[in-house]
Amino acid sequence: MIEFKSVTKRYPDGTVAVDALSLTAPTGQITVLVGPSGCGKTTSLRMINRMIELSSGQILIDGTDTAGQDAATLRRGIGYVIQHAGLFPHRTIVDNIATVPMLVGWGRTRARERAYELLERVGLDRRLARRYPAQLSGGQQQRVGVARALAVDPPILLMDEPFSAVDPIVREELQTELMRLQAELDKTIVFVTHDIDEAIRIGDQVAVMRQGGLLAQLAPPAELLAHPHDDFVADFVGRDRGYRALAFSNAQLPALREERTVRLGAALDGDRSGAGDDWLLVVDDAQRPQGWLDLRAGHRDAAADHLELGGTTACRDGSLRSLLDAALSSPAGRGVVIDDTGRLLGTVTAREVLALIEAERERPTSSAGSTEPLEKSTPG
Amino acid sequence: MIDLMLAWLTDPANWTGSDGVPVRTLEHVVYSLVTLAVACAIAVPAGLWIGHTGRGTFIVAGIANGLRALPTLGLLVLFVLIIAPLIGNDLAFVIPSLVALVVLGVPPVLSGTYAGIQNVDPAARDAAYGVGMSGRQVLWRVELPCALPLMFSGLRSATLQIIATATIAAYVSLGGLGRYIIDGQATHDFPQMLAGAVLVAVLALLADLLIAGVQRITVSRGLTGRYRRTAADPPSAGPVAGGAGSEGDRVLDPV
């Protein structure tokens with residue numbers, strides 16, 4: 001557990017970067033600090049491992065004041081991941097990861113063994129071990145950065161905008177990967193970002209900060225979306241927060257409609273059309289949905305080339321958001337629902353999902369924040 | 001002229017005795033080595049300290065670059081005039097020569113070292129402190145290895161300048177390959193002058209090759225881009241696909 005007790009950072013020129021910040025980052029959870037540039041979020045993070053010294057107040061780690069400890073020793077026990085990874089360009093990947101084990105005096109062999117283990121843990125190929133950072137893509141470098149931070153298995157991980165320098169697709173992969181790792185490792189993570197979507201996706205609790213180093217609101221993501229504390233927070237979490245909040249509510253699935261399906265590659269006999277419906281769902285041998293086929297186009301078979309691929313799928317235990325999105329993005333107007341193994345369960349229309357949302361709103365007990373954000377427990 | 005020079009160079013008489021080519025070359029090498037060692041002993045620690053602490057950058061900007069503007073021959077004469085009366089023996093001429101050459105060698109090494117440290121990726125430096133390295137460890141384990149390419153280019157530039165300029169030692173009646181140039185001029189023996197110049201140039205090139213070899217061994221391949229290809233790797237040294245790609249697929253699964 002990391003506790004900020006009225007922590008202030010004031011620079012010699014009088015600028016106040018962080019103003020009397022008090023918050024607690026609970027053990028085993030991800031606390032996200034989010035806010036616009038200049039709100040002091042990075043300064044706050046860097047005061048935890050004393051990369052920046054605080055002006056007044058206290059930071060306690062599991063009850064111990066960090067001020068009394070040797071800074072370098074303190075840092076060796078805290079994982080540190082930064083933007084652009086900050087890998088050492090003259091060292092191979094495996095030696096980068098082995099940095100902290102070597103610093104704390106493990107032997108070279110043991111440090112390397114641990115490094116190889118971590119390389120796999122963060123989803124990288126062992127063949128990359130003898131390469132240099134410049135030979136890796138940005139996303140791969142960032143994974144190595146995470147591996148380096150985890151090398152001596154520190155209970156705390158500080159992450160300073162670790163994913164903001166990579167493209168959106170890689171960023172989403174890295175977020176998913178982080179949540180998967182966190183499910184295994186149970187670290188106390190403090191994560192800084194300026195991206196509210198990222199904060200909401202990965203945070204167990206989110207601290208929104210504002211200019212001048214003030215804490216605007218500290219709340220779990222769902223509560224932040226449902227009950228922003230003031231205009232600043234409301235503005236910051238954005239316009240479509242109503243829609244995004246659906247990601248945190250799960251509902252009893254409505255009765256799914258059965259969908260007529262055809263095997264991928266099968267020939268079509270003429271009498272399939274005329275049933276008042278122009279779309280046919282194509283599945284593979286394991287009943288996994290592959291795409292929609294437009295019957296009006298007059299294809300003679302269900303070849304992969306003919307499929308409309310635009311839709312998303314929703315998982316059975318997914319959120320209302322993924323359910324609604326599946327329905328809205330489906331060319332047929334019917335969202336495809338699958339089970340854990342990807343097998344087709346049935347379909348649902350946007351109208352049905354909306355009815356579900358209405359019903360959910362009327363249930364008096366279902367206040368946002370109390371519901372378990374299930375989408376996060378089923379990554380990938 | 002070229003023929004005469006080659007004749008001079010191939011004359012066995014010029015390769016023996018106390019003013020033969022081997023002895024003169026050895027003298028030249030000794031002057032250069034001593035000067036280079038002293039210049040590095042001053043410039044490398046100073047450059048490391050300035051680069052690491054960020055203090056005293058004015059020394060690099062002002063003094064080091066100012067030193068380059070000084071004419072070495074003028075300095076030499078000045079030092080001889082100042083120092084020679086104080087010392088009675090041979091050193092009266094040796095020390096001024098060496099000091100003049102050190103003044104020549106310090107700026108490139110100092111600038112190279114300072115610039116090398118300054119140019120270390122700030123993210124790598126931040127990470128080095130962040131994982132718990134002490135200031136000294138950051139300097140030795142991260143900053144110095146990353147600064148080596150620029151430090152070497154400073155060293156090579158200093159070496160070339162010192163070897164070329166060490167000829168001036170002959171001007172104050174010392175040895176070295178400069179003797180052939182100075183004496184040749186005095187006696188209008190132009191083939192000898194030319195031979196001396198060629199010998200200096202060859203020596204400078206050999207020294208540069210030698211340092212280049214050392215550089216190749218000591219500088220990490222991660223910095224130079226000369227990556228070793230292992231049998232398992234494809235010829236291109238680009239990023240390897242893999243590791244990424246399995247995640248997030250379900251979300252984007254097209255239906």
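1. In what order do the elements of chain B run from the N terminus on? They go α-α-α-α-α-α-α-α-α-α-α, so to speak a list with one letter in it. The count for chain B is 11 helices and zero strands. Keep in mind while reading on that this is a predicted model.

2. Chain A has another make-up, with 14 helices and 16 strands. Its C-alpha trace spans about 80 × 50 × 30 Å along the principal axes. You'll find chain A divided into domain 1 (2-247) and domain 2 (261-362). Taken over C-alpha atoms, the centres of these two domains are separated by 39 Å.

3. A few totals for each chain may help you get your bearings. In chain A, 46% of the 380 residues count as buried, while in chain B buried residues make up 37% of 255. Now take the contacts with a separation of 6 or more: residues 24 or more positions apart account for 61% of them in chain A and for 72% in chain B.

4. Start the tour of chain A with its open sheet of four strands, in the order β2-β1-β4-β5, with antiparallel pairing. The edges are β2 (16-25) and β5 (64-65), each of which pairs on one side only. Strand β1 (residues 2-10) of chain A runs antiparallel to β2(A), joined to that strand by six bridges. If you want a spot to look at, find A:R10, which stands opposite A:V16 in β2(A). As background, strands of a sheet pair through backbone hydrogen bonds, either parallel or antiparallel.

5. Next, helix α1 (residues 41-48) of chain A. How many of its eight residues are buried? Eight of the eight, so to say mostly covered is fair. Among the buried residues are A:K41, A:T42, A:S44 and A:R46, alongside A:L45, A:M47 and A:I48. Just after α1(A) comes A:R50, which takes a positive phi of about 60°.

6. Strand β12 (residues 279-283) of chain A is also worth a look. Four of its five residues are buried, so the strand is largely enclosed by the rest of the structure. Strand β11 (residues 261-263) of chain A pairs with β12(A) in the parallel sense over three bridges, and β12(A) is joined to β13(A) by five bridges, this time running antiparallel. A:V282 is a handy residue to follow here: in β12(A) it is the bridge partner of A:V262, and A:V282 also has a bridge partner in β13(A), namely A:G291. The hairpin of β12(A) and β13(A) has five residues between the strands, and there A:Q287 takes a positive phi near 65°.

7. On to the place where the two chains meet. The contact takes 46 residues from chain A and 34 residues from chain B. On the chain A side, the elements that give two or more residues are α2 (71-76), β6 (78-82), α4 (99-103), α6 (138-149), α7 (168-185) and β13 (289-294). Which of them gives the largest share? That is α7(A), with five residues. By type, the residues on this side of chain A divide into 20 nonpolar, 16 polar and 10 charged. Note that β13(A), from the hairpin above, is on this list of contributors.

8. The largest nonpolar core holds 160 residues, and those that touch the most other members are A:V32, A:I97, A:A147, A:L158, A:V190, A:V206 and B:V109. Helix α7 (residues 135-165) of chain B gives the most to this core, with 14 residues. Both domain 1 and domain 2 of chain A contribute at least three residues each. Take A:V32 as an example: leaving out residues up to four places away in sequence, A:V32 touches A:F191, A:T193, A:A199, A:I202, A:G203, A:V206 and A:A207. In general, nonpolar side chains tend to be buried together in soluble globular proteins.

9. One last residue: is A:L218 buried or partly exposed? A:L218, which lies in strand β10 (residues 214-219) of chain A, has 18 other C-beta atoms within 10 Å. Being buried takes 20 or more, so A:L218 counts as partly exposed. Neighbours within four places in sequence aside, A:L218 is in contact with A:L23, A:Q205 and A:A207. A:L218 and A:V233 are 15 residues apart in sequence, and 10 Å apart in space from C-alpha to C-alpha.

Technical notes
Residues numbered from 1 in each chain as written. Chains lettered and ligands numbered in written order. Predicted model: local features only at pLDDT ≥ 70, side-chain atom pairs only at ≥ 80, totals over all residues. Pairing = 2+ DSSP bridges. Contact = placed C-beta atoms within 7 Å. Nonpolar A, V, L, I, M, F, W, Y, C, P; charged D, E, K, R; others polar. Domains from an automatic or database assignment. Core = buried A, V, L, I, M, F, W, Y, C linked by C-beta atoms within 7 Å. Buried ≥ 20, exposed ≤ 12 C-beta atoms within 10 Å, placed from the backbone.
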